Amino acid sequence: MPDIAEQYKQRVSSYIEEIKVSGEPVVIFGAGRAGWHIMKVLEYHKVSVTAFSDNDPAKQKTYYNCQVLSPEEIARRFPGGRVFLGLFVPDTARSIKKHFQLLNFRKIHYDTAAFFFVFLVEVAGRICDEEKLARSIQILFENYEEGATHYGYTKKNYFVSPFVTSVITQKCSLRCRDCAQLIPYYENPVHFSAESVIDDLTRYAEAFDVVPEISFHGGEPFLHPYLKDICLQAAAIPNIIFISFVTNGTIMPSEDTLRVLSSCGADVHQSGGYGPLSRKQDALFEAFGRHNIYSDVMFCLPTEMWIQSSPYNKHARPAAINKELYKKCVSGKICCQIMDGELHRCPLSAHGGRQGLVPLNTADFVRLHGSGRSESGLTSDIRAFLTREQAISACDYCDPEGGTLVPPAIQLPR
Ligand code: SF4
């Protein structure tokens with residue numbers, strides 16, 4: 001039995017050979033992140049995508065110069081085509097596959113894992129232990145069977161990280177009043193050194209079988225002078241799958257930095273709703289396109305609004321109520337945060353704790369180094385921290401369902 005990396009490569013090669021022999025139309029369902037990666041692998045092997053398909057009417061326009069059509073329209077115009085499902089979650093893939101089968105398609109593949117692996121090692125050229133990366137991707141896709149945002153222990157007893165952000169700088173090019181990371185309220189913001197960022201990340205990743213995504217944040221991460229080193233060294237950790245950056249669209253990285261991001265298979269998400277403040281957004285899209293870097297515009301809420309938090313006053317709620325608030329937050333999309341050697345469960349705890357807005361006690365975060373623990377001791381501390389149900393101190397100062405909807409990126413005076 002070939003190893004997983006080889007199996008992924010062989011599967012992708014055989015699709016490509018079959019397409020080249022048959023000359024059949026090639027359709028990717030899903031005009032988004034997974035579909036983009038499949039398209040890039042096909043293009044790399046000189047196979048053109050005939051069309052994209054998507055059920056979202058808002059996406060039924062063009063995507064990277066390809067038409068985006070409904071499945072019914074695909075069936076009318078490209079009967080007998082081969083369909084790749086550019087999706088992550090298997091449940092969704094099964095239902096879309098049924099839909100295409102009802103439209104008389106016979107060659108429908110859900111193999112995002114194989115395409116993503118081939119994208120990283122062949123198209124991008126990420127340098128890391130390939131077999132470990134392939135194994136991690138396999139575990140990630142098994143974990144998606146348990147839900148799109150599932151983390152913790154899987155049915156096969158693997159331990160999967162939640163979505164995690166790493167704050168590499170507290171400096172920013174904007175001063176958004178309602179910044180969820182409270183960045184404008186640092187009196188002396190700093191960049192964290194590349195060594196400390198990577199040291200923290202390496203220790204964190206050792207506690208997991210797979211870290212689905214590390215998202216580098218700021219402040220504005222493109223201000224960091226050692227972005228290339230951070231990206232390259234993160235890419236060498238083989239159980240981290242997606243490496244992404246969140247930018248406010250104001251800073252253009254150098255060509256050299258863009259080449260490094262591309263060679264690591266990194267993605268960039270541009271925060272949406274900043275309007276003319278994101279003055280480099282179009283140029284960034286052009287540069288990312290030129291360098292084969294996946295990029296999209298990301299909104300925190302479907303309404304595309306931000307939330308101005310209620311003041312952080314002590315609520316003195318019963319512990320059971322805070323526990324329920326906390327459980328709701330951590331079972332949703334809220335991420336955990338690594339900053340300056342500490343692992344936190346929420347931005348309010350990470351940043352508000354430092355700024356004295358909320359209290360912190362030693363049980364509210366995990367110190368990633370310096371406490372003389374063994375590697376296994378740190379692993380069990382991280383796992384216990386991420387699976388605990390008890391609220392953190394910050395929760396009693398927070399009103400997660402309150403606040404006011406406001407336009408994005410209202411600027412504070414300089
Ligand atoms: S501090 Fe607020 S946002 Fe953070 S976990 Fe607690 S309740 Fe949720």
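Tutor: In this predicted model, the axes of helices are lines fitted to C-alpha atoms over the stretch in contact, and the angle between two axes runs from 0 to 180 degrees between N-to-C directions. With that in hand, helix α8 (residues 227-235) and helix α9 (residues 255-263) pack at an angle of about 10°, with their axes 9 Å apart.

Student: Why is α8 called roughly parallel to α9?

Tutor: Angles under 35 degrees count as roughly parallel, and the angle between α8 and α9 is about 10°, so α8 is roughly parallel to α9. Heavy atoms within 4.5 Å count as a contact, and by that rule L227, K228, C231 and L232 of α8 meet D256, T257, V260, L261 and S263 of α9. Sorted by class, this contact of α8 with α9 has 5 nonpolar, 2 polar and 2 charged residues.

Student: What makes α7 roughly parallel to α8?

Tutor: Helix α7 (194-205) packs against α8 at an angle of about 20°, and the two axes lie 9 Å apart. Set against the limit of 35 degrees, under which angles count as roughly parallel, that value makes α7 roughly parallel to α8. The crossing of α7 past α8 is right-handed. Residues A194, V197, I198 and L201 of α7 meet D229, I230, Q233 and A234 of α8, and the classes in this contact of α7 with α8 are 6 nonpolar, 1 polar and 1 charged.

Student: Why are α2 and α5 called oblique to each other?

Tutor: The axes of helix α2 (residues 33-44) and helix α5 (residues 112-124) come within 9 Å and cross at roughly 55°. An angle that is not under 35, not over 145 and not from 65 to 115 degrees counts as oblique, and therefore α2 and α5 are oblique to each other. The handedness of the crossing of α2 and α5 is left-handed. Among the residues of α2 in this contact are W36, H37 and Y44, while F115, F116 and F119 are among those of α5. By class, the contact of α2 with α5 has 11 nonpolar, 2 polar and 2 charged residues.

Student: How do you know which element supplies the largest share of the lining of the largest cavity?

Tutor: A lining residue has an atom within 4 Å of a point of the cavity, and on that basis the largest cavity is lined by S166, V167, F192, S196, V197, D200, I338, M339 and D340. At least two of these lining residues come from each of β9 (164-167), α7 (194-205) and β15 (336-339), and α7, with 3 residues, gives the largest share. The lining of the largest cavity comprises 5 nonpolar, 2 polar and 2 charged residues.

Student: How many cavities does the rule of 30 Å³ or more count?

Tutor: The count is 1 cavity, and the space in the largest cavity is about 40 Å³.

Student: What makes a pocket something other than a cavity, and which residues line the second largest pocket?

Tutor: From a cavity the 1.4 Å probe cannot get out, whereas a pocket is an open set. The second largest pocket has a volume of about 180 Å³, and its lining consists of K132, R135, S136, I139, F208, D209, I237, P238 and N239, with 4 nonpolar, 2 polar and 3 charged residues by class.

How values were computed: Residues numbered from 1 in each chain as written. Predicted model: local features only at pLDDT ≥ 70, side-chain atom pairs only at ≥ 80, totals over all residues. Heavy atoms only, no water. 1 Å grid on protein atoms, 1.4 Å probe; cavity = no way out; pocket = protein on both sides within 12 Å on 5 of 7 lines; lining within 4 Å. Points joined across faces, edges and corners; volume = space filled by probe spheres on them. Helix = DSSP H or I, 4+ residues; strand = E, 2+ residues; numbered from the N terminus. Nonpolar A, V, L, I, M, F, W, Y, C, P; charged D, E, K, R; others polar. Left-handed = near helix turned anticlockwise from the far one by under 90°.
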